[in-house]
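Q: Please take me through a close look at a single part of this structure, and then lead me outward from there to its wider surroundings. I am new to the subject, so a careful and connected explanation would help me most.

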Amino acid sequence: MKLSRDEVQRVALLARLRLTASEEEQLAEQLGAILEYMEQLNQLDITGVEPFSHANDAVTALREDKEVNQPNADALLANAPERDGSFFKVPKIIE
Amino acid sequence: MTLAALTLHAASDTLRRRECSSVELTEAVLARIAASDENIRAYLTVDRQGARDQARQADKLLSENKSDSPLLGVPLALKDNFLTRGLKTTCASKILGDFVPPYDATTVAKLRNAGAVIVGKTNLDEFAMGSSAENSAFHPTRNPWDGARVPGGSSGGSAAAVAADECIAALGTDTGGSIRQPAACCGIVGLKPSYGRVSRYGIIAFASSMDQVGPMTKDVRDSALLLEAIAGHDPADATSVQRPVPKYSEALTGGVKGLRLGVPREYFVAGMAPEVEQAVRRAIAELEKQGARIEDISLPHTSYAVAVYYIIATAEASSNLARYDGMRYGHRAEAADLNDTYMLSREEGFGAEVKRRIMLGTYALSAGYYEAYYLKAQRVRALIKRDFDQAFASCDAIVTPTMPTTAFKIGEKTQDPLQMYLSDIYTISVNLAGLPAISLPCGFDKAGLPIGLQIIGKPFDEATILRVAYAYEQATECHTMKPEDRG
């Protein structure tokens with residue numbers, strides 16, 4: 001099984017990844033082979049089996065509605081690719 | 001023997017007896033790094049100045065006899081996916097190449113409060129995705145036992161640093177075997193605690209329903225001590241559990257007499273190296289000799305675990321890695337508009353394996369495929385969990401190999417992702433079910449490469465697997481062997 005180039009491009013757009021033509025070609029092969037391996041799950045009868053999503057799914061963590069974080073704006077902004085005073089600077093999105 | 005070769009408990013005793021200072025111990029570790037890390041390349045960042053400052057601080061506390069923490073003054077290493085305040089944290093990715101966290105992970109804060117000396121940050125597969133430490137964006141790490149081979153992964157840097165005495169002990173993370181598999185490759189002890197036992201706050205997320213922090217050490221007692229220091233509920237991590245933390249280091253003795261140990265027949269199959277099978281069988285015979293009852297058990301859905309894991313792990317990863325958009329931190333590419341900035345920043349910032357997994361996970365979660373892949377995988381995950389529940393009705397712990405082979409050669413599996421994924425075949429089920437498991441050395445192959453024994457426990461029963469591991473360790477010499485002793 002090999003994914004189509006269209007399929008790879010569709011998924012890359014969803015994932016916000018730009019791929020080169022050779023990456024697209026390679027991923028079409030590799031993802032196809034991996035997905036074929038996943039097909040073995042179809043051998044199993046899973047009717048009536050509830051999905052198990054989390055080892056601790058019985059826990060609902062609740063806490064008092066109290067402010068606990070004291071964010072330090074300067075420390076958080078220190079890693080910004082671009083900043084303007086106490087703001088993150090991002091590319092323009094409206095004309 | 002140099003100071004750097006000490007175990008954590010021996011180092012702690014040595015410091016308490018004033019036979020050396022933390023500064024001397026730390027200098028010995030730094031000297032060891034200077035001498036051997038040019039070849040092994042276990043570290044991404046060595047914080048020499050920070051380590052010396054922390055050691056001086058620890059010596060002050062030691063002289064005042066104010067703290068009884070066994071970690072006080074002991075030099076430790078951290079996988080570079082633990083956030084460390086003020087110390088660069090890259091996750092071995094170009095997208096976080098210059099990232100300096102504004103806060104410490106909860107586990108790091110606990111180590112600091114206990115007086116540990118943080119020597120540096122160790123190499124890993126980018127975003128903990130891989131089984132060989134070759135996927136690092138910066139450089140591969142070499143196995144201290146054989147420089148042509150991988151140290152395993154993704155916590156390969158931590159495993160190599162411990163094996164080469166470039167630290168006294170280390171922490172890693174384990175999503176599908178990333179602590180146990182490199183521990184087996186490097187001949188050290190690696191413990192993956194139950195899901196929820198240790199806080200994940202401040203650990204760079206890969207697959208949130210499976211990631212867990214754990215110790216990587218020179219012997220079993222050290223793992224117990226380190227787990228004791230990092231375990232426990234953390235209000236900042238909603239998935240960490242509210243359960244008391246046992247004194248693991250006091251639960252080591254007592255032996256295995258009367259314990260029922262299950263050996264799953266599905267874990268001894270074609271494809272495993274004969275020498276690995278022989279070593280593991282010998283270890284099981286040793287445990288039987290010590291009075292354990294060996295039970296033949298079945299975990300019938302074992303062969304589906306790798307497929308289930310790579311659907312769930314990549315789905316969670318694709319979601320977790322959406323935060324790397326180049327806006328608030330990390331690499332940002334120059335592009336014409338917002339969408340192009342996202343696309344190009346991620347294209348330039350992520351390596352090939354990370355892109356492959358984001359693509360796979362996005363595919364598995366996308367419209368039309370969600371039920372066929374993701375939901376189906378979660379249902380089969382329930383069957384895998386049920387297998388373990390049934391097995392634990394008749395046994396106290398499960399004994400298996402950690403890896404089907406010993407460490408493979410650098411470059412051997414990089415071109416075939418599926419082959420690489422299969423090296424975690426014995427460790428993955430444990431993460432899917434949220435169980436604790438430990439890997440410890442149980443022999444060497446003809447080439448002198450270490451072989452790992454895995455012991456899997458009931459949920460939150462770390463004490464029993466530590467006890468079994470300790471009983472086995474006491475009867476053998478494997479854990480005392482060093483790479484330079486190779487004949």
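A: Let us begin with one residue of this predicted model, Ser132(B), which, leaving aside residues up to four places away in sequence, touches Asp125(B), Val150(B), Pro151(B), Gly152(B), Gly153(B), Phe408(B) and Met420(B). Along the chain, Ser132(B) lies in the loop of chain B that runs between strand E3 (117–122) and helix H5 (156–163). Is Ser132(B) buried or exposed? With a relative accessible area of 0%, Ser132(B) counts as buried, because that word is used for values under 20%. The side chain of Ser132(B) also has a polar partner, for it makes a polar contact with the side chain of Glu134(B), at 2.6 Å.

From this loop we can turn to a strand of the same chain. Strand E9 of chain B, residues 397–401, is mostly covered, and five of its five residues are buried. E9(B) has strand E7 (residues 260–264) of chain B as a parallel partner, joined to it by two bridges, and here Gly262(B) stands opposite Ile398(B) of E9(B). With strand E11 (residues 450–457) of chain B, E9(B) runs antiparallel, and five bridges join the two; Ala397(B), for example, has Gly457(B) in E11(B) as its bridge partner.

The last step outward leads to the place where chain B meets chain A. There, 51 residues of chain A are in contact with 64 residues of chain B, and the two chains bury about 5,200 Å² between them, 69% of it on carbon and sulfur atoms. Of the area that chain A buries against chain B, Arg18(A), Phe52(A) and Asn79(A) supply 14%, which is more than any other three residues.

The interface of chain A and chain B also holds charged and polar pairings: the rule finds three salt bridges across it, as well as 18 residue pairs in polar contact, both residues being at pLDDT 80 or more. Glu82(A) forms a salt bridge with Arg332(B), and their closest N and O atoms are 3.3 Å apart. On the side of chain A that touches chain B, helix H1 (5–14), helix H2 (21–38) and helix H3 (73–77) of chain A each supply at least two residues, while the largest share, nine residues, comes from H2(A). Sorted by kind, the residues on that side of chain A divide into 33 nonpolar, nine polar and nine charged.

Methods
Residues are numbered from 1 along each chain as its sequence is written. Chains are lettered from A and ligands numbered from 1 in the order in which they are written. This is a predicted model: local features need pLDDT of at least 70, side-chain atom pairs count only at pLDDT 80 or more; totals for chains, interfaces and linings use all residues. Side-chain values use heavy atoms; hydrogens and water are left out. Helices (H or I, at least four residues) and strands (E, at least two) are DSSP runs, numbered from the N terminus. Buried means under 20% relative accessible area, exposed over 50%, partly exposed in between (1.4 Å probe, protein chains only). A polar contact is a pair of N or O atoms within 3.5 Å; within protein, one must be able to donate a hydrogen and the other to accept it, and residues adjacent in sequence count only if both atoms are side-chain atoms. Contact means heavy atoms within 4.5 Å. Two strands pair if DSSP finds at least two bridges between them. Buried area is the accessible area (1.4 Å probe) that two parts lose on being put together, summed over both. A salt bridge is a side-chain nitrogen of Lys or Arg within 4 Å of a carboxyl oxygen of Asp or Glu. Ala, Val, Leu, Ile, Met, Phe, Trp, Tyr, Cys and Pro count as nonpolar, Asp, Glu, Lys and Arg as charged, and the others, Gly among them, as polar.
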